[in-house]
Amino acid sequence: MKIICIGRNYAAHAAELNNPIPETPLLFLKPDTAVLKDGKAFYHPNFSNDIHHEIEVVLRICKNGKSIEQEFAHKYYDQSTLGIDFTARDLQSKCKEQGHPWEIAKAFDNSAVLGEMMPLAELRNADGHVDFSLSKNGVQVQHGNTSQMLSNFDAIISYASKFFTLQVGDLIFTGTPAGVSQVKIGDVLEGFVGGRRLLYCEVK
Ligand code: ZN
């Protein structure tokens, strides 16, 4: 199982980090050892002093495929949840400055938090989009709607599958809206779709 993540897929988030909007989806991977699920606590690693939360809609691949055309892409995912793409922003900034790969900042153990998986159809509004948010200690800090994505689900699947064969069980983190911020020990993070809480994670 692999995790494919999309960077800078919401213009307001790209702007808050002073990043340009990419011309094609910006992809990176996390290994399966990054998964943290079932409401387990996230233990703050000591290699970073600036871990950020990034709430994202996550798709689960339900069919193997390669070089998938956009018009057929919807057949390749049916389950979804919210996830947190934990990012060691201090390490990432150093990697970016030096032009180095940023796996140590993005793909470390437990950096891919997963909420409760459910049928995507249940998470969509009448307009087909997913409206989601993240609260930190009971206060909403991020809010997004998939209508704001620069590359939609089908475009992401089509683009990613040119490079990586998608396999059943693979996960796609589809990018974070604005509002990312540092987490501290003791913080409680909760992800919501509408009024429904899908994700709970305590930082220890
Ligand atoms: Zn992210």
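The following exercises, each with a worked solution, concern a predicted model of a protein with a zinc ion.

**Exercise 1. Overall form**

Task: Determine how many helices and strands the protein has, and assess its compactness from the radius of gyration.

Solution:
1. The secondary structure consists of 5 helices and 15 strands.
2. The radius of gyration is 16 Å, and the globule rule gives 17 Å for 204 residues. These values are close, so the protein is as compact as a globular protein of that length.
3. Along the principal axes, the C-alpha atoms occupy a box of roughly 45 × 40 × 30 Å.
4. Of the 204 residues, 52% count as buried. The exposed surface of the protein is about 9,200 Å², and carbon and sulfur atoms supply 49% of it.
5. Among contacts between residues at least 6 apart in sequence, 76% join residues at least 24 apart. One approach between distant positions is that of F173 and C5, which are 168 residues apart in sequence but 4.5 Å apart in space, C-alpha to C-alpha. F173 lies in strand 12 and is buried, at 0% relative accessibility.

**Exercise 2. The zinc site**

Task: Identify the protein donors of the zinc ion, describe their spacing in sequence, and state whether E56 and D85 are buried or exposed.

Solution:
1. The protein donors are E54 and E56, each through OE, and D85 through OD. They lie 2.0 to 2.1 Å from the zinc ion.
2. In sequence, the donor residues follow the spacing E-x1-E-x28-D.
3. E56 and D85 link distant parts of the chain, as E56 belongs to strand 5 and D85 to strand 6, 29 residues apart.
4. A residue is buried when its relative accessible area is under 20%. E56 has 0% relative accessibility, and therefore counts as buried. D85 likewise has a relative accessible area of 0%, so D85 is buried.

**Exercise 3. The nonpolar cores**

Task: Describe the largest nonpolar core, name the elements that give two or more residues to it, and find the contacts of I157.

Solution:
1. The largest nonpolar core has 42 residues, and those with the most contacts inside it are F42, I84, F86 and I157.
2. Two or more residues come from each of strand 1 (3-7), strand 5 (55-61), strand 6 (77-85), helix 4 (120-123), strand 10 (131-136), helix 5 (153-163), strand 14 (188-193) and strand 15 (196-202).
3. Another core, of 13 residues, lies apart from it; among its members are F28, V58, L114 and L171.
4. Leaving aside residues up to four places away in sequence, I157 touches I61, I68, A73, Y76, Y77, L166 and I172.

**Exercise 4. The setting of helix 5**

Task: Establish how many residues of helix 5 are buried, and which elements those residues pack against.

Solution:
1. In helix 5, 8 of the 11 residues are buried, so this helix is largely enclosed by the rest of the structure.
2. The buried residues are F153, A155, I156, I157, S158, Y159, A160 and S161.
3. They pack against strand 1, strand 2, strand 5, strand 6, helix 4 and strand 12 (171-173).

**Exercise 5. Aromatic pairs**

Task: State how many aromatic pairs the structure holds, and characterise the pair of F28 and W102 and the pair of F163 and F164.

Solution:
1. The structure holds 7 aromatic pairs.
2. F28 and W102 are edge-to-face, with 5.6 Å centre to centre and 90° between the planes.
3. This pair links distant parts of the chain: F28 is in strand 2 (residues 26-30), and W102 is in the loop between helix 2 (89-98) and helix 3 (103-106), 74 residues apart.
4. F28 is buried, with a relative accessible area of 8%, and W102 is buried, with 16%.
5. F163 and F164 form a tilted pair, at 6.4 Å centre to centre and 55° between the planes. F163 is partly exposed, with a relative accessible area of 49%; F164 is partly exposed, at 26%.
6. Ring pairs link Y159, F163 and F164 into a cluster.

**Exercise 6. The surroundings of S133**

Task: Locate S133, decide whether this residue is buried or exposed, and list its contacts.

Solution:
1. S133 is placed in strand 10.
2. Its relative accessibility is 8%, so S133 counts as buried.
3. Not counting residues up to four places away in sequence, S133 touches I55, L82, Q140, Q142, H143, E190, G191 and F192.

How values were computed. Residues numbered from 1 in each chain as written. Predicted model: local features only at pLDDT ≥ 70, side-chain atom pairs only at ≥ 80, totals over all residues. Heavy atoms only, no water. Core = buried A, V, L, I, M, F, W, Y, C linked by side-chain atoms within 4.5 Å. Buried < 20%, exposed > 50% of the residue type's maximum accessible area, 1.4 Å probe, protein only. Helix = DSSP H or I, 4+ residues; strand = E, 2+ residues; numbered from the N terminus. Contact = heavy atoms within 4.5 Å. Donors = N, O, S within 2.8 Å, 3.2 Å for Na, K, Ca; no water. Rg over C-alpha atoms; globule rule 2.2 N^0.38 Å. Areas by Shrake-Rupley, 256 points an atom, 1.4 Å probe, with all protein chains shown as cover. Phe/Tyr/Trp six-rings, centres within 6.5 Å; stacked < 30°, edge-to-face > 60°.
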